[in-house]
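I open a fresh page for a structure that is new to me, and I want to write down what I look up in the order in which I look it up.

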Amino acid sequence: MKKSMALFAMSGFAAAALFAATPASADWSVDTSTGTGFVGKGDVHDAFGWNDHDLQANHTGVSFALNAESTSTTTWSCFNANNGKTQDRKHVVQASTTGELLHEARTNPQDKVTGFLLTGLADGASVVSETEGPKPDSCPSGPWTFVAGSSITTVTGRESGLSVRFADQVQVLTHAGAE
């Protein structure tokens, strides 16, 4: 979305998404930490029951918002050369991203909209990250050393919701496994 386009109030968007939205099938991708990604024109067609003529006529009024949560857990081991003991360590990051996304229409050489490039988080978007534990792959000072190959990172809760809005209609495009 161009910066000159008026942004709708996030609170109104969130309320509409919670109470008026109906799920629509989607094949989109978004990096939840940056708000960058892509939404195909078919996703927007399906969300609003549009044909290609409708999309071409209405694409400038379309906007997107993201609601995503994830937890990343890294575990690793440290070895104490003096006593032969191993210490297991853990680092957890809980992240949440909520807000409107900037976007621009992707067009073909005939200037027809073929999808939407998500170009980042708009002003006012909320990115919250909480961290627990020591820095990943770190060991206590002294005789402790990192055990090579012991570091494992798992990410859970990667389900994301992408909302698309046109006028007073909001549709939530959901799928598991967003980037």
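These entries go through the strands, the disulfide, the aromatic rings and the salt bridge.

**Entry 1: what I am looking at.** I note at the start that this is a predicted model, and I number residues from 1 along the chain as its sequence is written.

**Entry 2: strand β4 and its partners.** I began with β4, which covers residues 62-80, and asked which strands pair with β4 and in what sense. With β5, residues 86-107, I found antiparallel pairing over 16 bridges, and within this pairing Ala65 has Glu100 as its bridge partner. The hairpin of β4 and β5 has five residues between the strands, and there I noted Gly84, which takes a positive phi near 75°.

I then turned to β10, residues 160-166, which pairs with β4 in the antiparallel sense over seven bridges; here the bridge partner of Val62 is Phe166. Strand β9, residues 152-156, also runs antiparallel to β4 and is joined to β4 by five bridges, with Thr156 as the partner of Thr71. Finally, β8 is joined to β4 by three bridges, again antiparallel, and in that pairing Phe146 stands opposite Cys78. As a reminder to myself while reading along these strands, side chains in a regular strand alternate between the two faces of the sheet.

**Entry 3: the disulfide.** Having met Cys78 in the pairing with β8, I looked up its sulfur and found a disulfide to Cys139, with an S to S distance of 2.1 Å. The count for the structure comes to one disulfide. Why is this disulfide called left-handed? The torsion about the S-S bond of Cys78 and Cys139 is about -90°, and therefore the disulfide is left-handed. Cys78 belongs to β4, whereas Cys139 sits in the loop between β7 (126-132) and β8 (144-146), so the pair ties together parts that are 61 residues apart in sequence. I also checked whether each cysteine is buried or exposed: Cys78, at 0% relative accessibility, counts as buried, while Cys139, at 23%, counts as partly exposed.

**Entry 4: the aromatic rings.** A search of the whole structure gave me four aromatic pairs, and I followed the one made by Trp50 and Phe166. Their ring centres are 5.0 Å apart and their planes stand at 85°, so I recorded the pair as edge-to-face. Trp50 is in the loop between α2 (41-48) and α3 (52-58) and Phe166 is in β10, so this contact ties together parts 116 residues apart in sequence. Trp50 counts as buried at 12% relative accessibility, and Phe166 counts as buried at 19%; the cut-off for that word is under 20%. I added that Phe48 joins Trp50 and Phe166 in one aromatic cluster, and that Phe166 is the residue I had already met as the bridge partner of Val62.

**Entry 5: the salt bridge.** How many salt bridges does a search of the whole structure find? The search finds one, and it is formed by Asp52 with Lys41, whose closest N and O atoms are 3.1 Å apart. Asp52 is in helix α3 and Lys41 in helix α2, eleven residues apart. I wrote down that Asp52 counts as partly exposed at 29% relative accessibility, and that Lys41 counts as partly exposed at 28%.

Technical notes: Predicted model: local features only at pLDDT ≥ 70, side-chain atom pairs only at ≥ 80, totals over all residues. Heavy atoms only, no water. Disulfide = S-S within 2.5 Å. Helix = DSSP H or I, 4+ residues; strand = E, 2+ residues; numbered from the N terminus. Buried < 20%, exposed > 50% of the residue type's maximum accessible area, 1.4 Å probe, protein only. Phe/Tyr/Trp six-rings, centres within 6.5 Å; stacked < 30°, edge-to-face > 60°. Salt bridge = Lys/Arg side-chain N within 4 Å of Asp/Glu carboxyl O. Pairing = 2+ DSSP bridges.
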